[in-house]
Amino acid sequence: MAYLVMFHWGWLLACFLLGLGMGWIAVVHRAQGTSKVMARWLAGLAAILVGLAVARIVPGRFGYWLDLGLILFACYLVGCAIGSWLRDWVVSRSAAK
C-alpha cells in the first residue's frame with residue numbers, strides 16, 4: 001500500500017481534490033438520493049471488494065488495480081466528506097449573521 005501512495009500520489013491528490021469539489025457542490029444538489037436497498041447493495045459490494053483486497057485473494061495485475069481503485073475511491077470519499085462539511089460550515093456561519 002505504501003508503494004501505491006508513493007508512486008501514485010499525484011492521482012491520489014487529484015481524486016481528493018475532485019472529491020473536495022464534488023462535496024462542495026453536492027450540498028446544493030436536490031435530486032432524489034439512493035434508495036435503502038441500493039445503498040445496502042453498494043455497501044455489500046464495497047465490503048466484498050475490501051475483503052478481497054485485505055485477504056489478498058486477487059493476484060497479480062488485477063489485485064494491483066483493485067488496491068489502487070480502492071485507495072483512489074477512499075481519497076475521493078474523504079474529499080467529498082470534507083467538502084460537504086466545509087460547505088455546511090460556511091453556509092451555517094453566513095446564515096447565523
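**Notebook: core, patch and a loop residue**

I began with Val90, which is partly exposed, at a relative accessible area of 37%. I note for the record that this is a predicted model. Val90 sits in helix H4.

**Entry: the surface around Val90.** I wanted to know which residues join Val90 in a nonpolar surface patch. I found Leu18, Met22, Trp24, Ile25, Trp85 and Trp89 alongside Val90, with about 690 Å² of accessible area together. A residue needs over 30% relative accessible area to be taken into a patch, and Val90 meets that with its 37%. I then looked up where the patch residues come from: H2 and H4 are the elements that give two or more residues. H2 provides the largest share, 4 residues.

**Entry: the inside.** Next I turned to the largest nonpolar core. I listed 6 residues for it: Leu4, Leu12, Cys15, Leu68, Ile71 and Cys75. Helix H2 (9-26) and helix H4 (60-96) are the elements that give two or more residues to this core. Here the largest share, 3 residues, belongs to H4. I like how the two entries sit together: H2 gives the largest share of the patch, while H4 gives the largest share of the core.

**Entry: Cys75.** I picked one of the core residues, Cys75, and placed it in helix H4. Which residues does Cys75 touch, once its neighbours within four places in sequence are left aside? I got Leu12, Cys15 and Phe16. Two of these partners, Leu12 and Cys15, are listed in the core as well. I also checked the spacing of the cysteine pair: Cys75 and Cys15 lie 60 residues apart in sequence, with their C-alpha atoms 5.9 Å apart in space.

**Entry: helix H3.** I moved on to residues 36-55, helix H3, which has 20 residues. From first C-alpha to last, H3 reaches 28 Å, close to the 28 Å expected at 1.5 Å a residue. Within H3 I stopped at Val50. Is Val50 buried, exposed or partly exposed? It is partly exposed, because its relative accessible area is 42% and the partly exposed class lies between 20% and 50%. I also looked along the chain from Val50 to Asp67, 17 residues away, and read a C-alpha separation of 8.5 Å.

**Entry: what follows H3.** Just after H3 comes Arg56, in the loop between H3 and H4. Its phi caught my eye: Arg56 is not a glycine, yet its phi is positive, about 55°. For context, most residues other than glycine have a negative phi. I closed by asking why Arg56 counts as exposed. Its relative accessibility is 72%, and exposed means over 50%, so Arg56 falls in that class.

Key. Residues numbered from 1 in each chain as written. Predicted model: local features only at pLDDT ≥ 70, side-chain atom pairs only at ≥ 80, totals over all residues. Heavy atoms only, no water. Core = buried A, V, L, I, M, F, W, Y, C linked by side-chain atoms within 4.5 Å. Buried < 20%, exposed > 50% of the residue type's maximum accessible area, 1.4 Å probe, protein only. Expected span 1.5 Å × (residues − 1). Patch = residues over 30% accessible without salt bridge, like charges linked within 9 Å, V, L, I, M, F, W, Y side chains within 5 Å. Areas by Shrake-Rupley, 256 points an atom, 1.4 Å probe, with all protein chains shown as cover. Salt bridge = Lys/Arg side-chain N within 4 Å of Asp/Glu carboxyl O. Contact = heavy atoms within 4.5 Å.
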